[in-house]
Amino acid sequence: MKKIFSFIILSFFFLIMGSHAVFAGTIEEEFKIEGLISPASPKALKSALEKELEVKVIDLNLKNTKTGWPVLTVQFDSGAVSREKIENVIGEIEDPAGHKYKVHHGPLLANAPILDEEEEAIAILGDTAEVFPNMKNPITDKAASASRGGKLFVNNCAKCHGLSGNGYGTVAHSFTTWPRQLWVWNNTGEETDGYLFWFITNGRSDMPPFGLILSENNRWDLINYIKTIKNPGE
Amino acid sequence: MAKTIRDPRIRISRRIKKDKVFKVKVKFDHPSFTGLGIVDAETKPVFSRAIPVSFIRNMFVYFGDQLVSRFRMSSAIADDPLFTFKLKAIQEAPVKVVFVDNQGKKWEASKKIKFSN
């Protein structure tokens, strides 16, 4: 009798535990996070979230996410905490620099479609004033010119294009598009002279017009140097 | 970084003579951000998306009904920029500027030009 009684009690106990597991088990959810802006941000977010709520931060993926937004993976008991509550708490956390976090919803609109005013301006002023002239490089001693161009490159171009011409210069991190990898011009012929000269002279987007900064001969020296840059991976 | 966006304001000298060049100053409180932040991934700092990218994309200048200039910009533009440019006073007409940002939002301001004696 005693055994039957304990069996019933145990069955009842496991039934309750089982139903709890079905309806409110431990789950993992992902949150795209906005506001991770300073080096201290990830640590501050993790510790504050674990302190405020009974959740466990499994991972904070800062790189190689599908959308580009950092992804926070959190494990929590869905019976005790809801996704909405976690989102609210994330929105209230402040990092040491005073930035607030936010859960990102919806796609990122980096550049909206062009408006009527912009269409009208393109119709009147043209899209871009890009007419690449056919030009001939006037410098005959290419080796000496490339040597001079190398020094000019370090002083004027490497900040954005990188010392090796890989497009990852220190300043380039703040640009919307990475500068071009310059080894694409390696050993190109005379047909690219006009284009390169025009581009260096006039600039485009984040690149300033070096026609205002460098003399014509300096620009040809740069072109001669750029044509010697090789892909270090090859 | 400006947290709020204020409508653009135009300042023009009161002393403008016909056919002379005059200076126009336009102030627009608008945040500018690449959207990137540098965060510590415990091994080494990495660049990551931080907040939605925000910058002024275009500024158009109209003198009277005519579009006279276009300023194209990128996220390299400063927060709350001040633009200064010159126009030739060929007519008594409003100078209008129209701003468009990367989200497709539009702002405009205008000021009438009157010749002084």
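## Exercises on a predicted two-chain model

Lys25(B) stands opposite Thr84(B) in S7(B). The model is predicted. It scores ipTM 0.80 and pTM 0.59. Chain B averages a pLDDT of 88, and 93% of the residues score at least 70.

**Exercise 1.** Find which strand pairs with S7(B), and in which sense. Then decide whether S7(B) lies largely in the open or is buried.

*Solution.* Start from the pair Lys25(B) and Thr84(B). Strand S2 of chain B covers residues 21–29. S2(B) and S7(B) pair in the antiparallel sense. The pairing runs over 7 bridges. Next, take burial. A residue needs 20 or more other C-beta atoms within 10 Å of its own to count as buried. S7(B) spans residues 82–88, and of its 7 residues the number buried is 0, so the strand lies largely in the open.

**Exercise 2.** Describe the side of chain B that touches chain A: how many residues, from which strands, of what character?

*Solution.* Count first. 29 residues of chain B are in contact with 31 residues of chain A. Now assign them to strands. On chain B, S3 (36–40), S4 (45–49), S5 (56–63), S6 (66–72) and S8 (94–101) each supply at least two residues of this side. Last, sort by character. The side of chain B that touches chain A divides into 16 nonpolar, 9 polar and 4 charged residues.

**Exercise 3.** Compare the span of H5(A) with its expected value. Then work out how its buried residues are arranged.

*Solution.* H5(A) has 15 residues, 142–156. At 1.5 Å a residue, the helix should span 21 Å; its end C-alpha atoms are 20 Å apart, which agrees. List the buried residues: Ser145(A), Ala146(A), Gly149(A) and Phe153(A). Seen down the axis, the buried residues of H5(A) fall within an arc of 95°, so they line one face of the helix. The general rule helps here. An α-helix has 3.6 residues a turn, so residues three or four places apart point the same way. Check the other side of H5(A): Ala144(A), Val154(A) and Asn155(A) are exposed there. Finally, look for the cover. Helices H6 (158–161) and H8 (216–226) of chain A are among what covers the buried residues of H5(A).

**Exercise 4.** Summarise the make-up of chain A: which elements, in what order?

*Solution.* Chain A has 8 helices and 4 strands. From the N terminus on, the order is α-β-α-β-β-α-β-α-α-α-α-α. Of its 234 residues, 22% count as buried. Then take contacts in chain A between residues at least 6 apart in sequence: 62% join residues at least 24 apart.

Key: Residues are numbered from 1 along each chain as its sequence is written. Chains are lettered from A and ligands numbered from 1 in the order in which they are written. This is a predicted model: local features need pLDDT of at least 70, side-chain atom pairs count only at pLDDT 80 or more; totals for chains, interfaces and linings use all residues. Two residues are in contact if their C-beta atoms, placed from the backbone, lie within 7 Å. Ala, Val, Leu, Ile, Met, Phe, Trp, Tyr, Cys and Pro count as nonpolar, Asp, Glu, Lys and Arg as charged, and the others, Gly among them, as polar. A residue is buried if 20 or more other C-beta atoms lie within 10 Å of its own, exposed if 12 or fewer, and partly exposed in between; C-beta atoms are placed from the backbone. Two strands pair if DSSP finds at least two bridges between them. pLDDT is the predictor's confidence in each residue, from 0 to 100. The expected span of a helix is 1.5 Å times one less than its number of residues. The arc is that of the directions from the helix axis to the C-beta atoms.
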